[in-house]
Amino acid sequence: MLIHKVRRPGRIGWPTKLAGDKGYSYDHLRRDLHGCGIEPVIPRKSNQPRPKGERFDRKTYRKRSRVECCVGWLKEFRRIGTRYEKLAINFLAFMKLAFMLKYLRILDP
């Protein structure tokens, strides 16, 4: 599983919850996440049976949309969405520039 390869600098462990859309609604993925001590916040597809007693955390799932909106918002800047920059430092510079331009548009429409 990819999460086993991820190291979070300066922090110990993994997140307590992981949100995903219905495209990630697989029982083996849910089992793997539970095995890592992570609560999956993934809605079930309409054709999947819901195990008895399983509850879906809507409040946490709604927070996921904030991240999705931010990513979509950054993709307005084509250079970021397609990742032309090879070096991480240059990519970070363009990310910061995109945030500044977006913030300036909010301040002075």
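The buried residues of helix α2 pack against a mixed set of partners: the strands β1 (17–19) and β2 (39–41), along with the helices α3 and α4. Since this is a predicted model, everything described here is read from computed coordinates. The residues of α2 that count as buried are Thr-60, Arg-64, Trp-73 and Leu-74. As for its length, α2 has 17 residues and spans 25 Å from first C-alpha to last, close to the 24 Å expected at 1.5 Å a residue.

Helix α4 meets α2 from its own side. The buried residues of α4 pack against α2 (58–74) and also against α3 (78–81). Those buried residues are Phe-91, Met-95, Ala-98 and Lys-102. Looking down the axis of α4, they fall within an arc of 60°, so they line one face of the helix. Turn to the other side of α4, and Ile-89, Tyr-103, Leu-104 and Leu-107 are exposed. The helix itself runs over residues 88–107, which makes 20 residues, and reaches 29 Å between its first and last C-alpha, close to the expected 28 Å.

Helix α1 (residues 27–35) has its own buried set, made up of Leu-29, Arg-30 and Leu-33. Seen along the axis of α1, these residues sit within an arc of 100°, so they too line one face of their helix. Over on the other side of α1, Arg-31, His-34 and Gly-35 are exposed. The cover over the buried residues of α1 includes β1 and β2, two strands that the buried residues of α2 also pack against. After α1 comes Gly-37, with a positive phi near 80°.

Both α1 and β2 turn up again in the second largest pocket, where each supplies at least two residues of the lining. The biggest share of that lining, three residues, comes from β2. Among the lining residues are Glu-39, Pro-40 and Val-41, together with Arg-30 and His-34. Arg-30 is one of the buried residues of α1, whereas His-34 is exposed on the other side of that helix. The rest of the lining is made up of Ile-42, Arg-44, Glu-54, Arg-55, Phe-56 and Asp-57. By character, the lining divides into six charged residues, four nonpolar and one polar. The space in this second largest pocket comes to about 160 Å³.

Conventions:
Residues are numbered from 1 along each chain as its sequence is written. This is a predicted model: local features need pLDDT of at least 70, side-chain atom pairs count only at pLDDT 80 or more; totals for chains, interfaces and linings use all residues. Side-chain values use heavy atoms; hydrogens and water are left out. Helices (H or I, at least four residues) and strands (E, at least two) are DSSP runs, numbered from the N terminus. The expected span of a helix is 1.5 Å times one less than its number of residues. Buried means under 20% relative accessible area, exposed over 50%, partly exposed in between (1.4 Å probe, protein chains only). The arc is that of the directions from the helix axis to the C-beta atoms. Contact means heavy atoms within 4.5 Å. On a 1 Å grid over the protein atoms alone, a cavity is a set of points where a 1.4 Å probe fits but cannot get out, and a pocket is an open set with protein on both sides within 12 Å along at least five of seven lines; lining residues have an atom within 4 Å of a point. Grid points are joined across faces, edges and corners, and a volume is the space filled by probe spheres set on the points. Ala, Val, Leu, Ile, Met, Phe, Trp, Tyr, Cys and Pro count as nonpolar, Asp, Glu, Lys and Arg as charged, and the others, Gly among them, as polar.
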